[in-house]
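User: I would like to go through this structure and hear the grounds for each label. Please set the values against the definitions.

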Amino acid sequence: MQKLVKLTDSEKQVLDLLWDQETPLTSTEIVHLSKDRTWKPSYIHIMITSLLKKEMIHVACFKKTTKNYARAFEPTMTREQWNLLQVTDQQKSTSRTLSQVFTALLEEEMDSGLIDELSEMLDARKKQLKKQENADSDPSDNI
């Protein structure tokens, strides 16, 4: 898991745009899709450079734009992974933090369908972990 880095509001908005589009975008596409912002192409370049240095985005491909090719960027993690980093980095005790978050979620008025879905995800993860433990402790692998 990546470590949490500090992002400016504008950097976070660029990441949100990339997550929402679910496809690599060039800097020009980012400017065009951000009509509600007053970002200039030079400012987008600064934000992209910063996000690259922070390893929050990477060059996914090159897209043909008129006569040239431009770099297209995508996030290095999903929005869900970013949100998890936000939660787990707040305290050193990850399991305690996650337990507190999960408790808070359960105390909210959730419908039984969502509770069932969460329960199924936990059961599936438990089975996966047990398979890994069994595979790691299988003595026939050491022969």
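Analyst: Lys54 and Glu11 make a salt bridge, with their closest N and O atoms 2.8 Å apart. Lys54 lies in the loop between helix H3 (41-53) and E1, and Glu11 in helix H1 (residues 9-21), so the pair ties together parts that are 43 residues apart in sequence. The model is predicted: local features need pLDDT of at least 70 and side-chain atom pairs count only at pLDDT 80 or more, while totals for chains, interfaces and linings use all residues. Residues are numbered from 1 along each chain as its sequence is written, and side-chain values use heavy atoms, with hydrogens and water left out.

User: Why is the contact of Lys54 with Glu11 called a salt bridge?

Analyst: The term requires a side-chain nitrogen of Lys or Arg within 4 Å of a carboxyl oxygen of Asp or Glu. For Lys54 and Glu11 the closest N and O atoms are 2.8 Å apart, so the pair qualifies. The count by this rule comes to 5 salt bridges.

User: What makes Glu11 buried or exposed?

Analyst: Buried means under 20% relative accessible area, exposed over 50%, and partly exposed in between (1.4 Å probe, protein chains only). Glu11 has 4% and is therefore buried. Its partner Lys54 has 26% and so counts as partly exposed.

User: How do you know that Asp16 and Arg79 meet in a salt bridge?

Analyst: Their N to O distance is 3.4 Å, which satisfies the rule, so the label holds. Asp16 lies in helix H1 and Arg79 in helix H4 (residues 79-88), so the pair ties together parts that are 63 residues apart in sequence. Arg79 is partly exposed because its relative accessible area is 27%. A network of salt bridges links Lys12, Asp16, Asp20 and Arg79.

User: Which parts of the chain does the pair Glu29 and Lys63 link?

Analyst: The side chains of Glu29 and Lys63 meet in a salt bridge at 3.1 Å, N to O. The pair links distant parts of the chain, with Glu29 in helix H2 (residues 27-33), Lys63 in strand E1, and their positions 34 residues apart. Glu29 has a relative accessible area of 28% and so is partly exposed; Lys63, at 22%, counts as partly exposed.

User: Why are E1 and E2 called paired strands?

Analyst: Strands (E, at least two residues) and helices (H or I, at least four) are DSSP runs, numbered from the N terminus. Two strands pair if DSSP finds at least two bridges between them. Strand E1 (residues 57-65) and strand E2 (residues 68-75) are joined by 8 bridges, so they pair, and they run antiparallel. His58 stands opposite Glu74 in E2. The two strands form a hairpin with 2 residues between them, and Thr66 in the turn has a positive phi of about 50°.

User: What makes Val59 partly exposed?

Analyst: Val59, in strand E1, has 31% relative accessibility and therefore counts as partly exposed. Val59, Phe62 and Tyr69 form a nonpolar patch on the surface, with about 340 Å² of accessible area together. Such patches take residues with over 30% relative accessible area and no salt bridge; nonpolar side chains (Val, Leu, Ile, Met, Phe, Trp, Tyr) are joined within 5 Å, and like charges within 9 Å. Val59 at 31% is over the 30% limit, so its accessibility fits. The areas come from the Shrake-Rupley method with a 1.4 Å probe; for residues, only the protein chains shown count as cover.

User: Where is Glu22, and is Glu22 buried or exposed?

Analyst: Glu22 is found in the loop between H1 and H2. Its relative accessible area is 71%, so Glu22 is exposed. Glu22 has a positive phi of about 55° although it is not a glycine.
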